[in-house]
Amino acid sequence: MQLSMRGREMTRLSGIRSIMEDIATADAAGPRTTANLSPGNPCHIPEVVATWEQLVRETLDEQFCETSTRYGPSRGTPALVEAVVAYFNAAYGWSIRPENVLVGPGSQLLSFIATTLFTGQDEYGDIRRLVLPRTPDYAGYQGLSLDHAGIVGVEPKVSLEGERFFRYRLDIDAVQRLDGIGMMLLSNPSNPSGSTIDTTELTELIAVAKRHDAPLVIDHAYGEPFPRIAPSDIKPVLHSHVINLFTLSKAGLPAERIAFAIGPAHLIDPMVSFVANSVLHAPQLLQATVARALAKGDIDTLTAQHITPCYTAKRALAERLLAESLPAAVNWRLHSGERGMFCWLLVDHHWFDDLEFYGTLKRNGVFIVPGRHFFTPPLTTPFLRAHATRCFRLSLSPNEDELADGIRRLSAILGGLVPDSSGRG
Ligand code: PLP
């Protein structure tokens, strides 16, 4: 059977598909043989797991029949929508109402819905594209568009910090020069680098969004108000052109597929229709569980007492292990930041290729994510050719032993790649 053009676009072997396959391979091989530093799974924090388990148990005992045995509203259960409204109004002094909220089965799907609604061919035949204003950004964004070449990634500005660090910044001039913007999307703080836009950059992006009458979608998966895995320079904002995405995945429930969008009703409404037409609604047992966590304040306790401290410690450990283990002769740099779910590394040598490195590591039971998956193809500009293929991402979610083992094995393999005559690229 022939695939349609959209079918072909959706079946491309995107970075996210290969990450999902690596998760399955590493899980099947077992932790003793592999060091899986690839997935964006949250850390296994005993107190976080225990709290969710307890909340799910309470919901199961008290609300199974009303939640799991009947269909519900596409916007989300009234209990969760009300809990989101109350939580965000209290946290940010907003006055949002249920029409500003949509619950969905994961923010990946919410991003896909927004991309499908706001990009593509418009009624005048013009193409409006998905713009990622600051790449590298979450690999899962690269598979969102149903249109061929429907995504534009804007290259960042790069500044080097000392011997071993570097940092990305948004290139707002490049964003302002773009035309045909249908929607802008960025994770903030960013997966993979942890970089964050500041208030001035947010204001500038909103001005671009207004000029194109296109939504700016801000994905707070790692940031405010929970799970605060990485620090953010901005708080979520309410604006006629902004949609905010929040997920429970990084706060401990990645497999349960619960996320929500908050924005103006004229942007949220079409997304509710899309949910109705595609998946009907998000799973309700877990919606009830999350409503409890928001209403009782458990989510804030987990964030402040367990999640944020865990990633602060993990990041410090990873920085120490990297500094101790990575070959001194290699010009490697880490994206700076005080915490986050990932370490984003640059190996700035012409002999380094992220895909080859990934393949060699994989054959040796170590999983990472190649840098190019976080940039928008084709990687034809001089910057992308040199930079995107010299980066890779390590996840901090494995336990400390697996993390240490993975970093040591990876460092040894990297050391073996250094050419004999000259280490400098
Ligand atoms: N957004 C970002 C920035 C992510 O890193 C991820 C997962 O890694 C997601 C969204 C996916 O979130 P969800 O599990 O809610 O679909």
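**Exercise 1.** In this predicted model, the side chains of Glu58 and Arg292 meet in a salt bridge; work out which helices the pair ties together and whether each partner is buried or exposed.

*Solution.* Begin with the contact itself, for which the N to O distance between the side chains of Glu58 and Arg292 is 3.3 Å. Next, place the partners: Glu58 belongs to helix α3 (residues 46-68) and Arg292 to helix α9 (residues 284-296), so the salt bridge ties together parts that are 234 residues apart in sequence. Then turn to accessibility, where buried means under 20% relative accessible area: Glu58, at 19%, is buried, and Arg292, at 15%, is buried as well. Finally, widen the view to the network of salt bridges that links Glu58 and Arg292 with Glu62, Lys296 and Asp298.

**Exercise 2.** Determine where Arg129 and Asp179 lie, and how far apart in sequence the parts are that this pair ties together.

*Solution.* The side chains of Arg129 and Asp179 form a salt bridge with an N to O distance of 3.8 Å. Since Arg129 sits in strand β4 (residues 127-132) while Asp179 sits in the loop between α6 (172-177) and β8 (181-187), the parts tied together are 50 residues apart in sequence. As for accessibility, Arg129 is partly exposed at 23%, whereas Asp179, at 55%, counts as exposed.

**Exercise 3.** Establish what separates Glu324 and Arg320 within helix α10.

*Solution.* A salt bridge of 3.2 Å, N to O, joins the side chains of Glu324 and Arg320. Both residues belong to helix α10 (residues 298-325), and because they are four residues apart there, about one helical turn separates them. Glu324 counts as exposed at 54% relative accessibility, and Arg320 as partly exposed at 45%.

Conventions: Residues are numbered from 1 along each chain as its sequence is written. This is a predicted model: local features need pLDDT of at least 70, side-chain atom pairs count only at pLDDT 80 or more; totals for chains, interfaces and linings use all residues. Side-chain values use heavy atoms; hydrogens and water are left out. A salt bridge is a side-chain nitrogen of Lys or Arg within 4 Å of a carboxyl oxygen of Asp or Glu. Helices (H or I, at least four residues) and strands (E, at least two) are DSSP runs, numbered from the N terminus. Buried means under 20% relative accessible area, exposed over 50%, partly exposed in between (1.4 Å probe, protein chains only).
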